[in-house]
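Here are a few exercises to work through with the model open in your viewer. Try each task before you read its solution.

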Amino acid sequence: MTDRIVGALILLLALGYGLEASRMQVSFLSDPLGPRPFPYIIAILVGLSALWLLFKPDPNPTWPPPRFWPVLGLVLLSLVAYAYLVVPLGFILTTTLEMTLLSLLFGARWWQGLSGALVFTLGVYFLFTKGLGVTLPVGRIFG
């Protein structure tokens, strides 16, 4: 039953996200495809995942033990903080800090988490800025 409840909630989220995507205004100067299809693709994939949960639920779902709930709560709080800090602190610093924290929460040593996070962040940054031409926030504190 829990899978079906979660599936219904995620389906409502996907429908709302798709509705908001339909209201997105895009400049006529953007490329022919533009940024409009990306939110639709996300809404469709999330909707299909929700339908899977609704029609093929796990017959015997297992919840994580109670000792993991504080860690999961910290993960959720860190992702919310990331969303609020990415513009003021910039993509590179915020993503490196977030990935390091997530690595530590999942059992990595601090130097492994920091080095892996830095490599991941720089790779994603250059992929988006140089490869795809997407501007990522530098951070207000850095100018």
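The expected span of a helix is 1.5 Å times one less than its number of residues. Keep in mind that this is a predicted model.

**Exercise 1.** Compare the end-to-end reach of H1 with its expected span, then work out where its buried residues sit.

*Solution.* Start with the length: H1 has 21 residues, and from first C-alpha to last it reaches 30 Å, close to the expected 30 Å. Next, pick out the residues under 20% relative accessible area, the cut-off for buried. In H1 these are Asp3, Gly7, Ala14, Gly18 and Ala21. Now look down the axis of H1: the buried residues fall within an arc of 60°, so they line one face of the helix. Flip to the other side of H1 and you'll find Leu9, Leu12, Leu13 and Leu15 exposed. Finally, ask what covers the buried residues of H1; H2 is included in that cover.

**Exercise 2.** Do the matching analysis for H2, and find what its buried residues pack against.

*Solution.* H2 runs over residues 37-55, which is 19 residues, and its C-alpha span of 27 Å is close to the 27 Å expected. Its buried residues are Pro39, Ala43, Gly47, Ala50 and Leu54. Down the axis of H2 they fit within an arc of 70°, so they line one face of the helix. The face of H2 turned away from that buried side carries exposed Phe38, Ile44, Leu45, Leu48, Trp52 and Phe55. As for the partner, the buried residues of H2 pack against H1, residues 2-22.

**Exercise 3.** How are H3 and H4 oriented relative to one another?

*Solution.* Two packed helices are described by the angle between their axes and the distance between the axes. For H3 (residues 69-89) and H4, the angle is about 170° and the axes are 8 Å apart. Angles over 145 degrees count as roughly antiparallel, so H3 is roughly antiparallel to H4. Among the residues making the contact are Val71, Leu74 and Tyr82 of H3, with Phe91, Glu98 and Leu105 of H4.

**Exercise 4.** Is Thr100 buried or exposed, and which residues does it touch?

*Solution.* First locate Thr100: it's in helix H4, residues 91-105. With a relative accessibility of 13%, Thr100 counts as buried. Leave out residues up to four places away in sequence, and Thr100 touches Gly113, Leu114 and Ala117.

**Exercise 5.** Which residues form the largest nonpolar core?

*Solution.* There are five: Val86, Phe91, Val124, Tyr125 and Leu136. Now zoom in on Tyr125: beyond its neighbours within four places in sequence, it is in contact with Phe91, Ile92, Lys130 and Leu136.

Conventions: Residues are numbered from 1 along each chain as its sequence is written. This is a predicted model: local features need pLDDT of at least 70, side-chain atom pairs count only at pLDDT 80 or more; totals for chains, interfaces and linings use all residues. Side-chain values use heavy atoms; hydrogens and water are left out. Helices (H or I, at least four residues) and strands (E, at least two) are DSSP runs, numbered from the N terminus. Buried means under 20% relative accessible area, exposed over 50%, partly exposed in between (1.4 Å probe, protein chains only). The arc is that of the directions from the helix axis to the C-beta atoms. Contact means heavy atoms within 4.5 Å. A nonpolar core is a set of buried Ala, Val, Leu, Ile, Met, Phe, Trp, Tyr and Cys residues joined through side-chain atoms within 4.5 Å. Axes are lines fitted to C-alpha atoms, for helices over the stretch in contact, and angles run from 0 to 180 degrees between N-to-C directions. Angles under 35 degrees count as roughly parallel, over 145 as roughly antiparallel, 65 to 115 as roughly perpendicular and the rest as oblique.
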